[in-house]
Amino acid sequence: MSGSAFTIRPENHSDTTGVYAVNTAAFNGTNEVKLIQDLRAQCDDLISLVAVDDEAIVGHILFSPLTIHDEQKVTPAMSLAPLAVLPAYQKMGVGSQLISVGLEACRAAGHSIVIVLGHPGYYPRFGFQPASRFGIRWEHEAPDEAFMVVGLQPDALQDVKGIARFHPVFDQFS
């Protein structure tokens with residue numbers, strides 16, 4: 001493990017085994033692997049990135065579509081889940097770089113909003129704020145400070161409110 005120079009790049013087909021291994025190790029189980037498999041089978045609009053060190057996959061991040069519903073309209077957005085880093089590479093900036101590059105990839109793909117259900121002490125450094133500040137809530141119960149949103153374009157969150165609905169695949173894990 002060099003740990004000093006890793007790269008972030010889009011996932012390719014040959015990365016599947018490494019992505020599954022990272023998620024299994026990071027989460028001590030296979031729920032995230034099942035989530036990724038099901039999203040891949042049912043979703044076309046995924047953004048999946050890997051962190052690579054010396055040709056080994058050490059981190060992974062996935063963004064998938066979600067929608068925000070109010071009485072007037074449906075607003076498209078992306079969800080950030082899962083984010084996984086091999087335990088030996090945690091606290092080395094891998095996750096931070098995956099998030100930064102991932103948010104930029106979402107922006108470049110034309111997405112303007114990303115939602116995460118995550119650690120309230122970690123995600124705000126990337127611009128995430130409690131979604132409730134914008135009148136956005138999840139269709140399931142979640143701690144207010146953990147359900148967060150970031151706008152990727154100026155005024156992306158202006159006039160957006162309602163209930164966030166992740167892809168139906170997530171329902172089996174909520």
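# Exercises on a predicted model

**Exercise 1. At what angle do helices α1 and α2 pack, and how far apart are their axes?**

Solution. Take α1 as residues 16–27 and α2 as residues 31–42. The two helices pack at about 140°, with axes 8 Å apart. Now classify the angle. Values over 145 degrees count as roughly antiparallel, and 65 to 115 as roughly perpendicular. The angle therefore makes α1 oblique to α2. Keep in mind that this is a predicted model.

**Exercise 2. List the residues of α1 and α2 that meet, then sort the contact by class.**

Solution. Start with α1. Its side of the contact holds Thr16, Val19, Tyr20, Asn23, Thr24 and Phe27. They meet Glu32, Val33, Ile36, Gln37 and Arg40 of α2. Sorted by class, the contact has five nonpolar, four polar and two charged residues.

**Exercise 3. Place Asp38 in its element, decide whether Asp38 is buried or exposed, and name what Asp38 touches.**

Solution. Asp38 sits in helix α2. Its relative accessible area is 14%. The cut-off for buried is under 20%, so Asp38 is buried. Set aside residues up to four places away in sequence: Asp38 then touches Val169 and Gln172.

**Exercise 4. Which residues of the largest nonpolar core touch the most other members?**

Solution. This core has 31 residues. Those touching the most other members are Ile68, Ile113, Ile115, Ile136 and Phe147. Follow one of them, Ile115, leaving aside neighbours within four places in sequence. Its contacts include Leu66, Ile68, Met78, Leu80, Phe128, Ile136, Phe147 and Phe166. Ser79 is also in contact with Ile115. A second, separate core has 26 residues, among them Ile47, Tyr123, Phe128 and Val150. As background, nonpolar side chains in soluble globular proteins tend to be buried together.

**Exercise 5. Describe the overall build: elements, dimensions and burial.**

Solution. Count the elements: three helices and nine strands. Read their order from the N terminus: β-α-α-β-β-β-α-β-β-β-β-β. Next, the dimensions. The C-alpha trace spans about 50 × 30 × 30 Å along its principal axes. For 174 residues, a compact globule would have a radius of gyration near 16 Å. The protein has 16 Å, so the value agrees. Burial comes next: 45% of the 174 residues count as buried. Finally, take contacts between residues at least 6 apart in sequence. Of these, 67% join residues at least 24 apart.

**Exercise 6. Locate Asp155, Gly93 and Val74, and give the exposure class of each.**

Solution. Asp155 lies in the loop between β8 (147–151) and β9 (162–166). Its relative accessibility is 60%, so Asp155 counts as exposed. Tyr89 is 66 residues away along the chain, and the two C-alpha atoms are separated by 35 Å.

Gly93 belongs to the loop between β4 (74–85) and α3 (94–108). With a relative accessible area of 31%, Gly93 is partly exposed. From Gly93 to Leu66 the C-alpha separation is 27 Å, over 27 residues in sequence.

Val74 is in strand β4. At 48% relative accessibility, Val74 counts as partly exposed. Not counting residues up to four places away in sequence, Val74 touches Thr67, Ile68 and His69. Val74 and Ile163 are 89 residues apart in sequence, and 9.5 Å apart in space, C-alpha to C-alpha.

Notes. Residues are numbered from 1 along each chain as its sequence is written. This is a predicted model: local features need pLDDT of at least 70, side-chain atom pairs count only at pLDDT 80 or more; totals for chains, interfaces and linings use all residues. Side-chain values use heavy atoms; hydrogens and water are left out. Axes are lines fitted to C-alpha atoms, for helices over the stretch in contact, and angles run from 0 to 180 degrees between N-to-C directions. Helices (H or I, at least four residues) and strands (E, at least two) are DSSP runs, numbered from the N terminus. Angles under 35 degrees count as roughly parallel, over 145 as roughly antiparallel, 65 to 115 as roughly perpendicular and the rest as oblique. Contact means heavy atoms within 4.5 Å. Ala, Val, Leu, Ile, Met, Phe, Trp, Tyr, Cys and Pro count as nonpolar, Asp, Glu, Lys and Arg as charged, and the others, Gly among them, as polar. Buried means under 20% relative accessible area, exposed over 50%, partly exposed in between (1.4 Å probe, protein chains only). A nonpolar core is a set of buried Ala, Val, Leu, Ile, Met, Phe, Trp, Tyr and Cys residues joined through side-chain atoms within 4.5 Å. The radius of gyration is taken over C-alpha atoms; the globule rule is 2.2 Å times the number of residues to the power 0.38.
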